[in-house]
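Please open the structure in your viewer and keep the selection panel at hand. Each stop below tells you what to select and then what you will find there.

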Amino acid sequence: MSDEGSHAPHVPGEVGVWVLVLGEMSMFGVFFAIFMDARAGDRELFARSQRHLNITIGLVNTIILLASSLFVVQAVQAVRAGGFGRASKFFTLALLCGLGFMGGKVLEYGEKLHAGISPVTDTFYMYYYVLTGIHALHVAVGMCVLAFLRKATRNSSRHPKIATVEACASYWHMVDVLWIVLFPLLYLI
């Protein structure tokens with residue numbers, strides 16, 4: 001019998017983080033509903049504006065965030081196994097993915113602004129900039145969390161508690177899930 005089978009199932013992390021995640025997901029859910037209502041009111045404008053988005057950058061950013069989540073899962077597993085040095089390497093890779101995502105957003109925003117497309121161009125772009133901007137802010141916070149975990153797992157004298165690692169990982173996964181909804185909502189549908 002494996003050692004994993006002897007542990008009682010538990011909710012990863014801490015309750016407070018799950019309250020935060022639920023609150024953030026609810027807030028974004030309201031944003032998504034408002035966006036869909038606005039799109040239903042002017043489908044032609046939204047379709048026309050959407051054609052100017054860079055789907056390639058959006059797709060690459062999606063792959064980058066999915067990879068980051070895989071690295072975070074690997075890091076959490078390494079912490080559970082006591083492999084803190086390995087965990088630090090996986091947190092570093094996830095952090096680099098976060099930087100790559102932010103670089104993609106900067107590139108995409110630059111393209112739009114260079115073409116004269118800003119939040120005041122039309123209703124679609126107002127929502128595009130607001131939704132992706134708020135998401136990018138969450139990515140930035142998540143990158144700070146990943147940097148904390150990277151440093152904490154490198155410190156050989158004081159390692160983080162597994163509940164702390166799981167809580168931080170849960171926040172990062174929330175950021176990824178939000179993008180998984182945002183990408184098709186803005187770029188594809």
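The tour starts with the whole chain, moves on to two helix pairs, and ends in the core.

**Stop 1: the whole chain**

Begin with everything shown as a cartoon, and keep in mind throughout that this is a predicted model. The protein chain has six helices and zero strands, so that, read from the N terminus on, its elements run α-α-α-α-α-α. If you turn the C-alpha trace along its principal axes, you will find that it spans about 60 × 30 × 25 Å. Of the 189 residues in the protein chain, 44% are buried. Among contacts between residues at least 6 apart in sequence, 80% join residues that are at least 24 apart.

**Stop 2: helices H3 and H4**

Next, select residues 55-80, which form helix H3, together with residues 84-114, which form helix H4. The axes of these two helices lie 8 Å apart, and the helices pack at an angle of about 165°. Because angles over 145 degrees count as roughly antiparallel, H3 is described as roughly antiparallel to H4. Their crossing is left-handed, and the contact of H3 with H4 has 18 nonpolar, five polar and four charged residues.

**Stop 3: helices H2 and H5**

Now select helix H2 (43-50) and helix H5 (123-154). Their axes come within 8 Å and cross at roughly 60°, which means that H2 is oblique to H5. To see the contact itself, show side chains for Leu-45, Phe-46, Ser-49 and Gln-50 of H2, and for Thr-123, Phe-124, Tyr-125 and Tyr-127 of H5. By class, this contact of H2 with H5 has five nonpolar, three polar and no charged residues.

**Stop 4: the largest nonpolar core**

Which residues have the most contacts inside the largest nonpolar core? Select Phe-35, Phe-91, Phe-124, Tyr-128 and Leu-186, which are the ones with the most contacts inside this core of 52 residues. You have already met Phe-124 in the contact between H2 and H5. The elements that give two or more residues to the core are H1 (15-41), H2, H3, H4, H5 and H6 (162-188), and H6 gives the most, with 15 residues.

**Stop 5: around Tyr-128**

Finally, centre the view on Tyr-128, one of the core residues you have just selected. Leaving aside its neighbours within four places in sequence, Tyr-128 is in contact with Leu-53, Lys-105, Glu-108, Tyr-109, Gly-133, Leu-186 and Tyr-187. Leu-186, in this list of contacts, is also among the core residues from the previous stop.

Technical notes
Residues are numbered from 1 along each chain as its sequence is written. This is a predicted model: local features need pLDDT of at least 70, side-chain atom pairs count only at pLDDT 80 or more; totals for chains, interfaces and linings use all residues. Side-chain values use heavy atoms; hydrogens and water are left out. Axes are lines fitted to C-alpha atoms, for helices over the stretch in contact, and angles run from 0 to 180 degrees between N-to-C directions. Helices (H or I, at least four residues) and strands (E, at least two) are DSSP runs, numbered from the N terminus. Angles under 35 degrees count as roughly parallel, over 145 as roughly antiparallel, 65 to 115 as roughly perpendicular and the rest as oblique. A crossing is left-handed if the near helix is turned anticlockwise from the far one by less than a right angle, and right-handed if clockwise. Ala, Val, Leu, Ile, Met, Phe, Trp, Tyr, Cys and Pro count as nonpolar, Asp, Glu, Lys and Arg as charged, and the others, Gly among them, as polar. A nonpolar core is a set of buried Ala, Val, Leu, Ile, Met, Phe, Trp, Tyr and Cys residues joined through side-chain atoms within 4.5 Å. Buried means under 20% relative accessible area, exposed over 50%, partly exposed in between (1.4 Å probe, protein chains only). Contact means heavy atoms within 4.5 Å.
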